Amino acid sequence: MTKPYRVLSIDGGGIRGLYSACVLHGLAQRVARTNCNATENNLDVGGAFDMLVGTSTGAILATALSAGKSLEEVIALYKFKAKDIFPSPVPTNTSKIALVSWMLRHMSRPSGSAEKLKEELVKVLGSETVAEMYNRRKIALCIPTIDAETQKAWVYKTPHDHKTQRLQRDNNYQLVDLCMSSSAAPIVFPVHKVEDPNSATHNYNWFVDGGLWANNPIMVALVEALTFAPDDSPIEIISISTCPPFKAPPLNSNDAHRGIKDWKAGLGMMEIGLDAQSSAYSYMAKALTDNLGDRVKYVRLSDPLVDENISHQLTLDNPSPSAIEALVKLASRAVDLNISEATTGEKSKSLIMDVFSNLNTITNKPTK
């Protein structure tokens, strides 16, 4: 059989990217254990795919995996550095005073620390550029963001078009800037400023969170795979969410008249938009792939139910110990759920076992 062209698509969701990282790590370990692999640690999960696509926090995961970084390294970033990256999360309690106080503190400055995020990303990714990573790993990478000045979608891409050689625009951008651009969530982080490496006049580009248009980047992944996969290759796509919890209580007539406070200064509106978009794009991708015949196989990993007692803690920017613990626990449940479906029930989920089999071990970590 012709070798399948495999794609991993990772949603955005702030600190909830810890869930996605732990799910991928857990699946890789469980399959390695099933196959009696010599090791279950430092597995090259990114090397199992021909293309990775990720938005916002998913951009960090997709970029790190493309660059050959271990999930242990990425999980440690979320677990132990998140409190410095999100030093002032929106209050999760129901205190009006706490929320208003938070809003006043951040009337003219974001709540997160872009400087700390960049510092930690540099530790993982160094100064490697898009072209350098692609030449070293031969793994395609697509990272959605938004050009804040034109207000148009921008997708950073590796030079993976071998037919026309036209994907050259982003070659000299550093991987760190891809992550910073795609995760520049309004209110949480500042607009990301990056010097255009193709400009001789020191022009700067400004980017905001790609999650505003592609929080679930599955449509980007599908279009890119259909465009650039070898003509005779079947396409296999795995998509993973950040387990968006249902946080809204039942509404009544009084709840209809929401203002700035009720929408958490805009963060609440952004969260509902991101979550709705993720589910809608997943539905559209399923409908499209079902009508493409046998060429494309699409799997959206199943999420466990989220207890309503913890759902309000799982916001985009809450790095509290209880939220971290909840995300890790939910990821463990997701691993059990998806392995069960892959081995006993849902035929399409058997793809999970194939993709995560025979992973190489990361033995060297090139840095610049």
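1. The radius of gyration used here is taken over C-alpha atoms, and the rule for a globule is 2.2 Å times the number of residues to the power 0.38. The structure under discussion is a predicted model. For its 368 residues, a compact globule would have a radius of gyration near 21 Å, and the protein has 20 Å, which agrees with that expectation. Along the principal axes, the C-alpha trace spans about 60 × 60 × 40 Å.

2. As to general make-up, the protein contains 13 helices and eight strands, and 55% of its 368 residues count as buried. If one takes the contacts with a separation of 6 or more, residues 24 or more positions apart account for 78% of them.

3. The pairing of helix H1 (residues 17-34) with helix H2 (residues 57-66) is a good place to begin with the helices. These two pack at an angle of about 35 degrees, with their axes 9 Å apart, and their crossing is right-handed. On the H1 side the contact is made by Gly 17, Ser 20, Ala 21 and Leu 24, which meet Thr 57, Leu 61 and Leu 65 in H2. Sorted by class, this contact has four nonpolar residues, three polar ones and no charged ones.

4. Helix H2 also packs against helix H7, here at an angle of about 160 degrees and with the axes 7 Å apart. Because angles over 145 degrees count as roughly antiparallel, H2 is described as roughly antiparallel to H7. The crossing of H2 and H7 is right-handed. Ala 59, Ile 60 and Thr 63 in H2 meet Leu 175, Cys 179 and Ser 182 in H7, and by class this contact of H2 with H7 has four nonpolar, two polar and no charged residues.

5. A further helix pair is formed by H3 (residues 71-85) and H5 (residues 114-125), which pack at an angle of about 160 degrees, with their axes 10 Å apart. That angle makes H3 roughly antiparallel to H5, and the crossing of H3 and H5 is right-handed. From H3, the residues Glu 73, Leu 77, Lys 81, Asp 84 and Ile 85 meet Lys 116, Leu 117, Glu 120, Lys 123 and Val 124 in H5. The contact of H3 with H5 has four nonpolar residues, no polar ones and six charged ones, so a student may wish to set this list beside the one for H2 and H7, where no charged residues were found.6. Ser 183 is found in the loop between helix H7 (175-182) and strand S5 (192-195). Is Ser 183 buried or exposed? With a relative accessible area of 7%, Ser 183 is buried, since buried means under 20% relative accessible area. Leaving aside residues up to four places away in sequence, Ser 183 touches Ser 56, Leu 117, Phe 189 and Asp 209. Leu 117 is also one of the H5 residues in the contact between H3 and H5.

7. Val 299 lies in strand S8 (residues 296-300), and at 2% relative accessibility Val 299 counts as buried. Which residues does Val 299 touch, not counting residues up to four places away in sequence? They are Ile 237, Ile 238, Ser 239, Ser 348, Lys 349 and Leu 351. Val 299 and Arg 166, in turn, are 133 residues apart in sequence and 30 Å apart in space, taken from C-alpha to C-alpha.

Terms used: Residues are numbered from 1 along each chain as its sequence is written. This is a predicted model: local features need pLDDT of at least 70, side-chain atom pairs count only at pLDDT 80 or more; totals for chains, interfaces and linings use all residues. Side-chain values use heavy atoms; hydrogens and water are left out. Axes are lines fitted to C-alpha atoms, for helices over the stretch in contact, and angles run from 0 to 180 degrees between N-to-C directions. Helices (H or I, at least four residues) and strands (E, at least two) are DSSP runs, numbered from the N terminus. Angles under 35 degrees count as roughly parallel, over 145 as roughly antiparallel, 65 to 115 as roughly perpendicular and the rest as oblique. A crossing is left-handed if the near helix is turned anticlockwise from the far one by less than a right angle, and right-handed if clockwise. Contact means heavy atoms within 4.5 Å. Ala, Val, Leu, Ile, Met, Phe, Trp, Tyr, Cys and Pro count as nonpolar, Asp, Glu, Lys and Arg as charged, and the others, Gly among them, as polar. Buried means under 20% relative accessible area, exposed over 50%, partly exposed in between (1.4 Å probe, protein chains only).
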